[in-house]
Amino acid sequence: MEKLTVLYGTQTGNAERVALRVSRLALRQGVKSVHCLSADDVPIHEWPRTGGPVVILCSNANQGDAPNSFRRSWASLLQPDTAPAACMTGLQYAVYGLGDSLYLKFNYMAKMLHNRLKQLGGTPLVMRGLGDESDAKGFEETLVPWLAELWEALDLTNGAAPTADLRRPRYPQQDVPYFPLYSVRPFQGTADSLEASPQLLRYAEPVMACEVVSNRRITAASCNQAVHHLELRVCPGTESATASSTYDVGDALGVYCPNRPELVEELLQRLRRDGDEVVVVEPDASHGLTVQPARPFFHHPLTLRSLLRHYIDLDAVVTQEFMWMLAHEVRDDDDNDEDAHDSRERLYELGNPSNVNDYLQYAHREKRNVCEVLHDFKNLNPSLELVLTFATPMLPRYFSLASALSMDGPGRFDVCVGLLDWHTPLKRHRTGLCSSYLVGAQPGSQLTCFVWQGNLALPAAPSPLLCVATGTGIAPIRAVLRQVAGLAAQGWKDVPVVLVFGCRHEAEDYLYREEWADLRAKGLLPSLTVIPAFSRDTDKKIYVQHQLGEHAKLVSSFVQPEEVEGRPLPPGVIYVCGNAKQMPKDVQRTVEQTVEATVPGVEDEAGAAVYVRGLARVGRYQVDSWSA
C-alpha cells in the first residue's frame, strides 16, 4: 500500500500517542507512506481524497463531547452545509475509540463518528474498536485484535519482516520501526540574526499573559487539601488581549506552566548537552512517516534549556513507548556485559504492551518521570532527538473559570485550584506540576494562558436553576451564579436557584460559603437556596445524591413544567459539576429515580433514562466533569 492517513482526536494526548504507534505499526506492515495528523488539521471534505484509507483514533471529552483536536471536525460533520449527504462516498475508514467504561457515555464519540461517516456514504473497513482503559491490559485488550482485523482488511498481513537481531528477546513491539520524529541541528545564523528573531515562546493557541492579582487559600489550614482562589488580569499590551479575554459561563482557562528548573538541568546533564546551545528543531520525514503533527517549536531557534523547560513534560509519567525506546539505547560495548543485558531485558519487559501490570507497578504507581527512569537504568545513552520523540509533550492544564463577565468584566479571570499533593506507595512525595505552580504563584507574577470554550451554557431566558457541585467543581457553578447575579435586573432576580454542594467537612472545605450569603444579603440572588452535603461530619456519609433524594419534590420541580397561580413556569436547568468518575453517575441515577416516581407518563427505569437524555438534548441537563 502506498499511503495511509491516521487522524486523531485527543484531549490529554493519549489518542495522539496511540496514533503515532499505529503509524509505526503500519510502516512495519508494509505501508510506504503514513500521514499522521490531528483530525482538525485536515478539513473533512479532504478525507475521501487523501489517496488511501483513513484510520481515526478518537477519545472523549467531558461526558461524550468531542475532544480538543476533533471539535471543528465533528461540528462540520453535523452541519448539512459542510457535510452534505453522500459527501464521504469513496472514503474507506476505520474508527478506534479510547475511553473508560467507568465513566458515563463510554466511547460515545467513537460510536457516533463511526455511524456518522457511514451515514454520509463512507465504507467502514472493520467494525469500530472500543478501547477501555479499565480493562486488565488497558487499551491493548482491544487494540491488538482490532489492528489485526484492520491489517487483514487492508491486505497487509504479510508486510512485516521478522527482526534479524537474534540476541534480543522476542517481544511484540521489538520489530516496530524505530526512529526519531525530529531533527535537531545547531542554529546556523549569526548573533545579529538571532537578536532580530527573538526566542519567543510559541503555542498552538492564541495565548495571552495574565498577571496574578491575588492568591489566597480558601480551605482551612487543618484541611488535607490546599485549595486556592486566584484572581488574574490580562496584562496590558498583550497581543490580541481584547479578543482573547472575553468568555462565557462554562469556559475554562488553559494554562501553560514550565517544568521545574532542577529537572531541566538534570536531563541536560544526563544527555550531556549544553542548555545554552541554540538549536532549530525540524520534522524528520525520512523514515516513512512523511507528515506528522505540527509542533509550535518547529523551525524557530531556541536554546535547549528553553526547549526542555517549556515544550516537554518532564513531570509526566513515562510511557511504555519511552521504555521501549530506551531498550534500544542500552550501551552494549561488550556482548557479555551482564548489566547491559539485564537492563535491556527489563526495559523490554516494561515496554511490552502485553505486560501492563508490571509497567503500572513500576511507572504509574510511583509516577516515575523521564529523569528518574534514566537514573534507575545506568547503561543508557539516548539521543536528544529520541527523548523529544518519545517523551510526553507539554500540554496545557485547564481550570474552569469561576468569574463572570456580568459581575467581573472582561480581562479578569478567577480560578479555583486544588493542590495535588500525595505520597506514592514507596513514600515518594509528589505534587502536581501545574497545581503547585499556580498555588505558589505570587501576586505580580505572570502566567501564559488562553480561553478554552466549555460546554455549559445559561438558558436563553431566565429559568430555575438546580446546581450540583462537589469540591473544586464549584468553580463553574460560581461562574453561573455570579453571571445570574449580575443579570438580576434582566429578570434573574426572582428566579429560583438551588445549589447542592458536597465536600468533606463544613469547617474545612465549604468553599465560597460566605459568598453565597453575601449574594443573598445584597439582593442579587434573594431566592438562592444552598443545600450542603458534608460527607465526613456524620457517622453516615452524606453525598450530593443523598441530598437530592431527600429533596425529591424540589428536584421534580426542575425536571417537569409547573404552574404557579395559573402561570406556567419556564422549565428548569440542572447543572452537574465535579469529578467525573462516580458522582455524575450517582446524581443522574438519583434524578432518574425522581423522574420515574414523579413525572406523569414515565413508568419504569428505561423511560426515566430516556426522559433525562431528552433533557440533556435540549440543554436542560448539563454536565461539566473532569478526570482526577
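## Strand pairing

In this predicted model, strand β11 (residues 278-283) is joined to β7 by five bridges, and the two run antiparallel. Within this pairing, Val184 has Val281 of β11 as its bridge partner. Both strands belong to an open sheet of three strands in the order β7-β11-β13, paired antiparallel. The edges of that sheet are β7 (182-186) and β13 (302-303), each of which pairs on one side only.

A parallel pairing is found between strand β24 (residues 573-579) and β25, with six bridges. Here Gly578 is matched with Ser625 in β25. Strand β25 (residues 621-626) is mostly covered, with five of its six residues buried. In general, strands of a sheet pair through backbone hydrogen bonds, in either a parallel or an antiparallel sense.

## Nonpolar cores

In soluble globular proteins, nonpolar side chains tend to be buried together. In this model the largest nonpolar core has 109 residues. The residues with the most contacts inside this core are Leu57, Trp146, Leu150, Trp151, Leu253, Leu267 and Phe413. Helix α1 (residues 14-28) gives the most to the core, contributing eight residues. Another core, of 34 residues, lies apart from the largest one; its members include Val249, Cys467, Val484 and Cys577.

Leaving aside residues up to four places away in sequence, Leu57 touches Val6, Leu7, Tyr8 and Gly9, among others. Its further contacts under that count are Ala15, Val18, Ala19, Val22, Tyr96 and Leu98.

## Domain layout

The chain is divided into four assigned parts: domain 1 (3-154), domain 2 (208-257 + 396-452), domain 3 (258-287 + 300-394) and domain 4 (465-626). Domain 2 and domain 3 are each assembled from two segments, whereas domain 1 and domain 4 are each given as one range.

## Interface of domain 1 and domain 3

The C-alpha centres of domain 1 and domain 3 are 28 Å apart. Seven residues from domain 1 and ten residues from domain 3 take part in the contact. The size of an interface is often given as the accessible area lost when the parts come together. For domain 1 and domain 3 the buried area is about 690 Å², with 57% of it on carbon and sulfur atoms.

On the domain 1 side, Arg17, Arg24 and Lys137 supply 55% of the area buried against domain 3, more than any other three residues. One salt bridge is found across the interface of domain 1 and domain 3. Arg17 forms a salt bridge with Glu321, where the closest N and O atoms are 3.3 Å apart.

Definitions and conventions
Residues are numbered from 1 along each chain as its sequence is written. This is a predicted model: local features need pLDDT of at least 70, side-chain atom pairs count only at pLDDT 80 or more; totals for chains, interfaces and linings use all residues. Side-chain values use heavy atoms; hydrogens and water are left out. A nonpolar core is a set of buried Ala, Val, Leu, Ile, Met, Phe, Trp, Tyr and Cys residues joined through side-chain atoms within 4.5 Å. Buried means under 20% relative accessible area, exposed over 50%, partly exposed in between (1.4 Å probe, protein chains only). Helices (H or I, at least four residues) and strands (E, at least two) are DSSP runs, numbered from the N terminus. Contact means heavy atoms within 4.5 Å. Two strands pair if DSSP finds at least two bridges between them. Domain bounds come from an automatic or database domain assignment. Buried area is the accessible area (1.4 Å probe) that two parts lose on being put together, summed over both. A salt bridge is a side-chain nitrogen of Lys or Arg within 4 Å of a carboxyl oxygen of Asp or Glu.
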